[in-house]
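User: I am new to this structure and would like a close look at a single part, the disulfide and its surroundings. Please describe the bond and then the elements and spaces that go with it.

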Amino acid sequence: MRLGEHHYALTTTWTGNLGSGTSGYRDYSRDVTIEVEGKPTLLASADKPFRGDPERWNPEDMLIASLSECHLLSYLHACVVAGVVVVSYRDTATGVMTEDGKSGGAFTEVLLRPEVVVADASMIAAAERAHDDAHQMCFIANSMNFPVRHQATVTAA
């Protein structure tokens with residue numbers, strides 16, 4: 001392993017065989033389990049428009065969640081470096097995926113909307129700048145081929 005190289009492993013298992021496998025488009029469930037050693041099993045499926053279970057996580061949810069959490073964690077680090085004390089952080093992220101009409105598609109953007117509360121009003125300007133630093137640090141955002149934007153609000157406790 002090279003310096004700075006990290007490896008991740010998980011197991012995704014299709015649990016949606018309803019008795020006849022993939023004998024027809026409507027003859028199977030899109031349910032899967034995603035497992036990482038030492039962590040709770042994640043119940044997943046396709047998104048509802050793609051015949052999935054709306055009560056389970058879907059790949060689109062997980063992509064947006066990954067971007068949101070990566071920005072949050074990068075932001076907390078950027079704030080520590082800048083001397084900003086964050087006391088609360090909540091993001092209401094959204095994403096747009098567009099189908100191409102040929103059984104495929106792609107995300108065209110994700111918008112993060114962090115609502116940050118800092119310990120003191122004197123920290124607001126630095127806290128706002130820290131979002132740009134976080135965006136540059138986020139491994140997941142740096143891996144995307146579409147814009148990951150943020151519209152943050154920062155207030156003082």
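Analyst: What follows starts with the disulfide, then turns to a helix, a cavity and a pocket. The model is predicted, and the values below are computed from it.

A search of the whole structure finds 1 disulfide. A disulfide is a covalent bond between the sulfur atoms of two cysteines. Here the two partners are Cys70 and Cys138, with sulfur atoms 2.5 Å apart. The link is right-handed, with 140° about the S-S bond. It joins distant parts of the chain: Cys70 belongs to helix 1, Cys138 lies in the loop between helix 2 and strand 8, and 68 residues separate them. Cys70 and Cys138 are both buried.

Another cysteine, Cys79, takes part in no disulfide. The nearest cysteine sulfur to Cys79 is that of Cys138, 14 Å away. A pair counts as a disulfide when the sulfur atoms are within 2.5 Å. Cys79 has a relative accessible area of 1%, so Cys79 is classed as buried.

Next comes helix 2, the helix named above in placing Cys138. Helix 2 covers residues 124-137, 14 residues in total. From first C-alpha to last, helix 2 reaches 20 Å, close to the 20 Å expected at 1.5 Å a residue. Its buried residues are Ala126, Ala127, Ala130, His131 and Ala134. Among the elements that cover these buried residues are helix 1 (59-82), strand 4 (86-91) and strand 7 (114-118). Strand 8 (148-150) and strand 9 (153-156) are also included in that cover.

Cys138 also appears in the lining of the largest cavity, along with Leu67, His71, Leu112, His135, Ala141 and Val148. The count of cavities of 30 Å³ or more comes to 1. About 30 Å³ of space lies in the largest cavity. Its lining has 5 nonpolar residues, 2 polar residues and no charged ones.

Helix 1, which holds Cys70, has a part in the largest pocket as well. That pocket has a volume of about 920 Å³. It is lined by 21 residues, and those closest to its centre are Tyr8, Lys39, Ser66, Glu69 and Ile140. Strand 2 (32-35) and helix 1 are the elements that give two or more residues to this lining. The largest share, 8 residues, comes from helix 1. By class, the pocket lining divides into 15 nonpolar, 3 polar and 3 charged residues.

Notes
Residues numbered from 1 in each chain as written. Predicted model: local features only at pLDDT ≥ 70, side-chain atom pairs only at ≥ 80, totals over all residues. Heavy atoms only, no water. Helix = DSSP H or I, 4+ residues; strand = E, 2+ residues; numbered from the N terminus. Expected span 1.5 Å × (residues − 1). Buried < 20%, exposed > 50% of the residue type's maximum accessible area, 1.4 Å probe, protein only. Contact = heavy atoms within 4.5 Å. 1 Å grid on protein atoms, 1.4 Å probe; cavity = no way out; pocket = protein on both sides within 12 Å on 5 of 7 lines; lining within 4 Å. Points joined across faces, edges and corners; volume = space filled by probe spheres on them. Nonpolar A, V, L, I, M, F, W, Y, C, P; charged D, E, K, R; others polar.
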